[in-house]
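Student: I am new to this structure and should like to understand how its descriptions are justified. May we go through the reasoning step by step?

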Amino acid sequence: MKREEKLEILSNLIAIDTVNDNEAKVADYISSLFAPYKNKGVSIDRVSYSPGRDNLVVTIGDSKKTLGFTGHEDVVSTGDLDSWDSDPFKAEIRNNKIYGRGASDMKSGLAAIIITMLEMLENDAVPGRIKLLATVGEETGEYGAAQLTKKGYADDLSGLIIAEPTEEMQNLIYTGKGVIDYVVTSVGKGAHSSTPEKGINAIDHLIDFADEVRKLMATFDKVDPVLGKLTHVQSVFQGGEQTNSVPDKAIIKGNIRSIPAYNNQMIFDAINDLIARLNKKPGYDLKIEYVYPEEAVPGNPNSDFVKLLKNSYQTVYSKELSVAGQAGASDASEFLHAKNDFDIVIVGPGNDTMHQSNENCDVDVFLKSVDFYKQAAFDFFK
Ligand SMILES: [Zn+2]
């Protein structure tokens with residue numbers, strides 16, 4: 001495929017506004033790219049999450065083992081349009097960088113794995129069974145990956161590469177922190193502040209929870225050699241309406257970043273116990289909700305899969321690929337729930353301009369990433 005065609009695929013993906021919605025249009029576009037190869041054993045499965053939001057699974061080749069490539073179709077909002085130098089949904093190349101929403105996170109990675117597979121088909125050189133998993137809703141809860149995993153689409157994988165940005169292909173991420181967002185609501189009873197004994201102060205009770213949960217989370221003190229410690233931030237506190245009323249409702253939100261030593265259930269159990277203990281006190285009425293919790297991703301920097309990818313990298317780039325962990329969540333947290341155990345790694349084009357204005361990706365890095373993914377696939381089936 002010509003350089004211009006590759007950049008056109010990326011530009012076309014950027015042009016589809018998939019801010020937390022509309023992934024079906026990306027699924028349509030990817031389907032159209034693979035349609036000419038239907039007689040070459042390409043199978044296309046569309047898995048709808050909700051109207052307008054479709055995951056897409058494209059499988060090519062044939063072999064006992066299956067290699068997975070995955071990328072999400074959604075992007076985050078543009079933020080203030082005035083802070084962009086060009087239209088976020090009209091890709092523009094300046095100084096050999098391609099600009100647009102998703103240029104880094106992660107239409108470039110998605111385009112690269114699509115192109116990798118298209119070129120294999122074009123050249124009749126598909127080395128084995130390869131599966132593309134394009135997901136919805138990664139940015140707002142990884143529910144596309146969760147749906148595909150639940151339906152068994154990841155069960156046949158022997159290795160999975162997530163093409164999320166890793167400092168323009170400089171790193172390979174093999175382990176990651178999990179995420180738990182919680183919302184605790186305290187319900188009390190309103191009263192005039194001159195007669196507080198007639199009310200129940202929701203804020204007082206919530207402060208007790210805030211205090212205790214901080215101490216509780218500090219007891220999860222194991223240190224992961226790569227990811228460090230579990231972290232806990234109480235980030236939102238709301239309650240009360242006017243100074244002369246006893247508040248009848250208060251809310252706290254918190255964010256926990258877990259490490260593989262603690263699975264999410266251990267953390268839920270500890271916090272739920274705390275809530276139950278506080279609710280035994282007179283007048284306490286606390287309720288907790290966990291929003292899209294994601295498990296930490298364990299990994300082994302010396303696994304066969306990581307070693308193989310380091311070799312492929314050496315072949316393509318003539319230098320060593322460094323391996324690392326990351327604090328952010330990805331679709332990996334969902335795919336690890338598949339029936340079989342397999343390595344999940346993240347390596348892709350794009351950089352830390354993701355989620356910002358003037359998001360961009362180095363054009364040469366993008367184009368060369370295709371060579372890497374192709375080499376990785378050939379080495380995988382060798
Ligand atoms: Zn992403």
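Student: Which strands does helix α6 lie across?

Tutor: In this predicted model, helix α6, residues 264-279, lies across β9, β15 and β16. Its direction is at about 170° to β16.

Student: What makes β13 and β16 edge strands?

Tutor: The open sheet has 4 strands in the order β13-β15-β9-β16, with antiparallel pairing. Both β13 (231-239) and β16 (286-294) pair on one side only, and they are therefore its edges.

Student: How do you know that β9 and β16 are paired?

Tutor: Two strands pair if there are at least two bridges between them. Strand β9, residues 178-187, is joined to β16 by 7 bridges, so the pair meets that criterion. One of the bridge partnerships is that of Asp181 with Val291 in β16.

Student: Which residues provide the donors of the zinc ion?

Tutor: The donors come from His72 (NE2), Asp105 (OD) and Glu164, the last listed with OE twice, at 1.9 to 2.5 Å from the ion.

Student: Why is the arrangement around the zinc ion called irregular?

Tutor: Four donors count as tetrahedral if all angles lie between 85 and 135 degrees. Here the 4 donor atoms subtend angles of 55 to 143°, so the tetrahedral criterion is not met, and the arrangement is irregular.

Student: Why are Asp105 and Glu164 called buried?

Tutor: Buried means under 20% relative accessible area. Asp105 has 4% and Glu164 has 9%, so both count as buried.

Note on methods:
Residues are numbered from 1 along each chain as its sequence is written. This is a predicted model: local features need pLDDT of at least 70, side-chain atom pairs count only at pLDDT 80 or more; totals for chains, interfaces and linings use all residues. Side-chain values use heavy atoms; hydrogens and water are left out. Donors are N, O and S atoms within 2.8 Å of the metal (3.2 Å for Na, K and Ca); water is not among the atoms, so sites may look incomplete. Four donors count as tetrahedral if all angles lie between 85 and 135 degrees; four count as square planar and six as octahedral if opposite donors are over 155 degrees apart and all others between 65 and 115; anything else is irregular. Buried means under 20% relative accessible area, exposed over 50%, partly exposed in between (1.4 Å probe, protein chains only). Helices (H or I, at least four residues) and strands (E, at least two) are DSSP runs, numbered from the N terminus. Contact means heavy atoms within 4.5 Å. Axes are lines fitted to C-alpha atoms, for helices over the stretch in contact, and angles run from 0 to 180 degrees between N-to-C directions.
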